[in-house]
Amino acid sequence: MFHLSMRGKLCLAIAVTAMLVIVIMAGMVGISFREGLTHYILAADMDRLRPVKTALTEDYDEEAGGWPQFDGTPIGFLEYVRMELDPFRPDRLTASAPVGGMPSDVKIGDGPVQPATDDPLGIGPRTFLLDADRNLVGGAPGLVEGALIEPIIVNRGEAGEAVVGYFGVRSPNEGRTLADSIYLCGQFRTLGWASLFALIASTLFATFLSKQLIAPLQMLAGSTRRLANGDYGIQLRSARTDEVGELIKDFNLLARNLERAAKAEKQWISDTSHELKTPLSILRAEIEALQDGVRLAGQGTYATLHCAVMRVSELVEALSLLSYAREEKLVQKIENQDISRIVGETTKMTRSVMEDAGLTLDVSIQSGVIGDVDPMRIRQMIGNLLENSRRYTEAPGTVQIRLTRSDHEIVLTVADSAPSPPKDNLKRLFDRFYRVEETHSHALGSVGLGLAVCQAIVKDHGGAITAEISGLGGLGVTVRIPIKMKRAMPSSVPRDQAIQVTLTATGTRDLRRRNPFKSDRHTRLFSRR
């Protein structure tokens, strides 16, 4: 089966369009030229017949109400027209004789002067005379459509002028004489050559235009195949500013985003394996020591093994949360909740832990803040932020939490005192596995996923989370969540199959049963510095 390329289709489309335009233009020009030529011929003939019209006006018989000299046959009127057109009538020769004498082909006898050639222009047979009611008076009967007709006006003294008849002339040979036809054919021949030249020019232009359009598309097609094969480093150069140029810019942006995503995925795998390596190495070493009898089983050994297992557990569960967030399944159950109550309950459970760490918890909650949220995830997010401050704020210090609402959103702010992270690192605090101080974070049990999960929860609520240096000298995190959710939450994962462990900042399993900040050996997910 024959397949026409896009370039061929474009050339063919432009060529066919040009041909249609040329044909339509030629037809319209031909019709207009023919009608214009016919009108020109009729106007010229009427100008030659001006003496006949003048004679008809003078010969009008008021008493008879017409021209009784015509017997109603075409011959009588035709002879009248020929006679009036004859330039060698005696009265006209008396008035104005031709210069140089009379032509040699003129015969002079007892009767009127007769030209040797009878009406050489052939105008007479095409003339006709109508009365005031447009009834034929003289001339050959025939159609008057397309004929040039002028009124015959007679001055009746005090009664004024009146139209007493009509004098007209028909088109010769449907508007053309032989000479006219030759001239018209010449014009059409010239138009045909011009059309052929226009068609060739349009074809050449279509070829050039198609090359300009198809070349970058072919380049994009080849680059897309390279992109599909994993070559994300490709970037196309183009100085175009049209739609094709915009498409090339979008392609380059797509390639950069895919390259960034591929690097992030590799980094995530690398970081995950690195994070798993430490607790697994501890587990292996402790178990081998027990097997070899180097170490006896005791409370210290059990505590070390438990911490290693919990670290692996928290990492796996955090990765699961992020995978749910990536699939938009993290927030499962949206309810109209009293967020003031949720924040109050969470801060109440953490107050004693903050005091044990030498920190003062300053709470300011606007009452009656109601919004559409997933209560379990909101508790988890608040606990994460408070635990993050507890870990990294130096004692004595202060942790502030503020909850307010505006017309369209809920604003939650958690700020702490010194130390603060470097300003250059604020934007990276929400990256997975990112830590400002690697060694210190490991000592505190951090895996670098806390704020990343916080960000996932906020985004799944349709909100935004930002970090800045707080007025207390530490870190300030601001969460903004719309009061009304703008999208329906997915229900592909049943609630009872979702992650049942409420991972707060300390990784506690159930906020309703256990203090989430009771022990450092519990799951800790979140770090920032």
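**Figure 1. Cysteines and disulfides in the predicted model.** This is a predicted model, and the structure holds 0 disulfides. Two cysteines show contrasting surroundings. Cysteine 185 has 46% relative accessibility and so counts as partly exposed. Cysteine 454 has a relative accessible area of 0%, so it is buried. Cys454 returns in Figure 6, where it belongs to the H11 side of a helix contact.

**Figure 2. The four-stranded sheet, S2-S1-S4-S3.** Here 4 strands make an open sheet, and their pairing is antiparallel. Which strands are the edge strands? They are S2 (136-139) and S3 (148-155), and each pairs on one side only. On average, neighbouring strands are turned by 25 degrees against each other, direction ignored. S3 pairs with S4 (residues 161-169) over 8 bridges, in the antiparallel sense. Look for asparagine 155: opposite it stands glutamate 161 in S4. Two helices pack on this sheet. Helix H1 (residues 6-48) touches S3 and S4, and its direction makes about 120 degrees with that of S4. Helix H2 touches S1 (127-131), S3 and S4, and its direction makes about 35 degrees with that of S3.

**Figure 3. The S1-S2 hairpin and arginine 134.** S1 and S2 run antiparallel and are joined by 3 bridges. Leucine 129 has glycine 138 in S2 as its bridge partner. The two strands form a hairpin, with 4 residues between them. Now find arginine 134, in the loop between S1 and S2. What is the phi of arginine 134? It is positive, about 65 degrees, although this residue is not a glycine. Most residues other than glycine have a negative phi. Is arginine 134 buried, exposed or partly exposed? Its relative accessible area is 49%, so arginine 134 is partly exposed; the exposed class starts over 50%.

**Figure 4. Leucine 42 and lysine 53, two buried helix residues.** Start with leucine 42, found in helix H1. Leucine 42 counts as buried because its relative accessible area is 4%, and buried means under 20%. What does leucine 42 touch, leaving out residues up to four places away in sequence? The list is Gly146, Ala147, Leu148, Val169, Arg170 and Ser171. Leucine 42 and glycine 168 are 126 residues apart along the chain, but their C-alpha atoms are separated by 9.4 Å. Move on to lysine 53, in helix H2 (residues 50-58). Is lysine 53 buried or exposed? Its relative accessibility is 16%, so lysine 53 counts as buried. Apart from neighbours within four places in sequence, lysine 53 is in contact with Glu150, Pro151 and Phe167.

**Figure 5. The five-stranded sheet, S6-S8-S9-S11-S10.** This open sheet has 5 strands, and the pairing is mixed. S6 (359-365) and S10 (464-469) stand at the edges; each has a single partner strand, so one side of each lacks a neighbour in the sheet. Neighbouring strands are turned by 10 degrees against each other on average, direction ignored. S6 and S8 (residues 397-405) pair in the parallel sense, over 7 bridges. One pair to find is leucine 359 and its bridge partner in S8, glycine 397. Which strands does helix H9 touch as it packs on the sheet? They are S6, S8, S9 (409-417) and S11 (473-482). The direction of H9 makes about 20 degrees with that of S9. Helix H11 also packs on the sheet, touching S10 and S11, and its direction makes about 135 degrees with that of S10.

**Figure 6. Helix H9 meets helix H11.** H9 (residues 375-392) and H11 (residues 450-460) pack at an angle of about 145 degrees. Their axes are 10 Å apart. The crossing is left-handed. On the H9 side are Arg377, Gln380, Met381, Asn384, Leu385 and Asn388. They meet Gly450, Leu451, Val453, Cys454, Ile457 and Val458 in H11. How many of the contact residues are nonpolar, polar and charged? The split is 7 nonpolar, 4 polar and 1 charged.

**Figure 7. Two cis peptide bonds.** Most peptide bonds are trans. Alanine 395 and proline 396, however, are joined by a cis peptide bond, with omega about -10 degrees. Where is proline 396? It is in the loop between H9 and S8. A cis peptide bond also joins alanine 418 and proline 419, with omega about 5 degrees. Proline 419 lies in the loop between S9 and helix H10 (438-443).

Technical notes: Residues numbered from 1 in each chain as written. Predicted model: local features only at pLDDT ≥ 70, side-chain atom pairs only at ≥ 80, totals over all residues. Heavy atoms only, no water. Buried < 20%, exposed > 50% of the residue type's maximum accessible area, 1.4 Å probe, protein only. Contact = heavy atoms within 4.5 Å. Disulfide = S-S within 2.5 Å. Axes fitted to C-alpha atoms, helices over the stretch in contact; angles between N-to-C directions. Left-handed = near helix turned anticlockwise from the far one by under 90°. Nonpolar A, V, L, I, M, F, W, Y, C, P; charged D, E, K, R; others polar. Pairing = 2+ DSSP bridges.
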